[in-house]
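Student: I'd like to go through this one with you, mostly the charged side chains and a few odd backbone angles. Can we take it piece by piece?

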Amino acid sequence: MRARVCDLLGKKPNRQARVVTFSHKRIKKVQHVNLQWKRFFSEALNRNVRLRLSTKGIKTVNKMGSIDAAAKKFEVDLTKF
């Protein structure tokens with residue numbers, strides 16, 4: 001099973017979060033990353049690439065214009081996907 005990690009940015013779950021109840025008990029909780037399966041067309045590989053990205057990662061790819069530019073910036077090898 002794969003870990004809940006963004007393939008592009010490397011975002012991981014926050015395990016430091018706490019919930020304070022009405023009686024002021026402090027309970028640890030996990031805040032998971034909002035991960036989505038997303039398919040992009042890579043012009044360098046000339047095929048579709050399916051990544052598990054956080055929503056922040058999807059916005060980053062859209063801002064940079066292509067998955068190839070984003071992968072080059074964050075040093076991700078797209079041939080694995």
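Student: Let's start with H24: is it buried or exposed?
Tutor: Keeping in mind that this is a predicted model, H24 counts as exposed, because its relative accessible area is 55% and the cut-off for exposed is over 50%.

Student: And where is H24 found?
Tutor: H24 belongs to the loop that links β1 (18-20) with β2 (26-28). Its backbone deserves a look as well, since phi of H24 is near 65°, a positive value in a residue other than glycine.

Student: What about phi of E75?
Tutor: E75 is not a glycine, yet its phi is positive, at about 55°. This residue sits in the segment after α2, and with a relative accessible area of 72% E75 is exposed.

Student: How far apart are E75 and N62 in space?
Tutor: The distance from C-alpha to C-alpha is 17 Å, for two residues that are 13 residues apart in sequence.

Student: Switching to charges, how many salt bridges does the count come to?
Tutor: The count comes to one salt bridge, and it is formed by the side chains of D7 and R2, with 2.7 Å from N to O. As general background, side chains of opposite charge can pair when their charged atoms come close.

Student: D7 first, then: is it buried or exposed?
Tutor: D7 is buried, because its relative accessible area is 16% and the cut-off for buried is under 20%. Its partner is in another class, as R2 has 40% relative accessibility and so counts as partly exposed.

Student: Where is D7 placed, and what is it in contact with?
Tutor: D7 lies in the segment before β1. Leaving aside neighbours within four places in sequence, D7 is in contact with R2, L51, R52, L53, V76 and F81. The pair with R2 also appears as a polar contact of 2.7 Å between the two side chains.

Student: Now D68, which side chain of opposite charge is nearest to it?
Tutor: That is R47, at 9.5 Å, and D68 has no salt bridge although it is buried. As for its place in the fold, D68 is part of helix α2 (residues 67-73).

Student: What does the side chain of D68 reach, then?
Tutor: There is a polar contact of 2.7 Å between the side chains of D68 and S42, and the D68 side chain also reaches the backbone nitrogen of E43 at 3.0 Å. Not counting residues up to four places away in sequence, D68 touches S42, E43, A44 and L78, so that S42 and E43 appear among its touching residues as well as in the polar contacts just described.

Student: Last topic, rings: how many aromatic pairs are there?
Tutor: The count comes to zero aromatic pairs.

Student: And what lies over the face of W37?
Tutor: R50 does, at 4.2 Å from the ring centre of W37.

Technical notes
Residues are numbered from 1 along each chain as its sequence is written. This is a predicted model: local features need pLDDT of at least 70, side-chain atom pairs count only at pLDDT 80 or more; totals for chains, interfaces and linings use all residues. Side-chain values use heavy atoms; hydrogens and water are left out. A salt bridge is a side-chain nitrogen of Lys or Arg within 4 Å of a carboxyl oxygen of Asp or Glu. Buried means under 20% relative accessible area, exposed over 50%, partly exposed in between (1.4 Å probe, protein chains only). Rings of Phe, Tyr and Trp (its six-membered ring) pair if their centres lie within 6.5 Å; planes under 30 degrees apart count as stacked, over 60 as edge-to-face and the rest as tilted. A charge sits over a ring if NZ of Lys or CZ of Arg is within 6 Å of the ring centre and within 35 degrees of the ring normal. Helices (H or I, at least four residues) and strands (E, at least two) are DSSP runs, numbered from the N terminus. Lys and Arg count as positive and Asp and Glu as negative; His and the chain ends are not counted. A polar contact is a pair of N or O atoms within 3.5 Å; within protein, one must be able to donate a hydrogen and the other to accept it, and residues adjacent in sequence count only if both atoms are side-chain atoms. Contact means heavy atoms within 4.5 Å.
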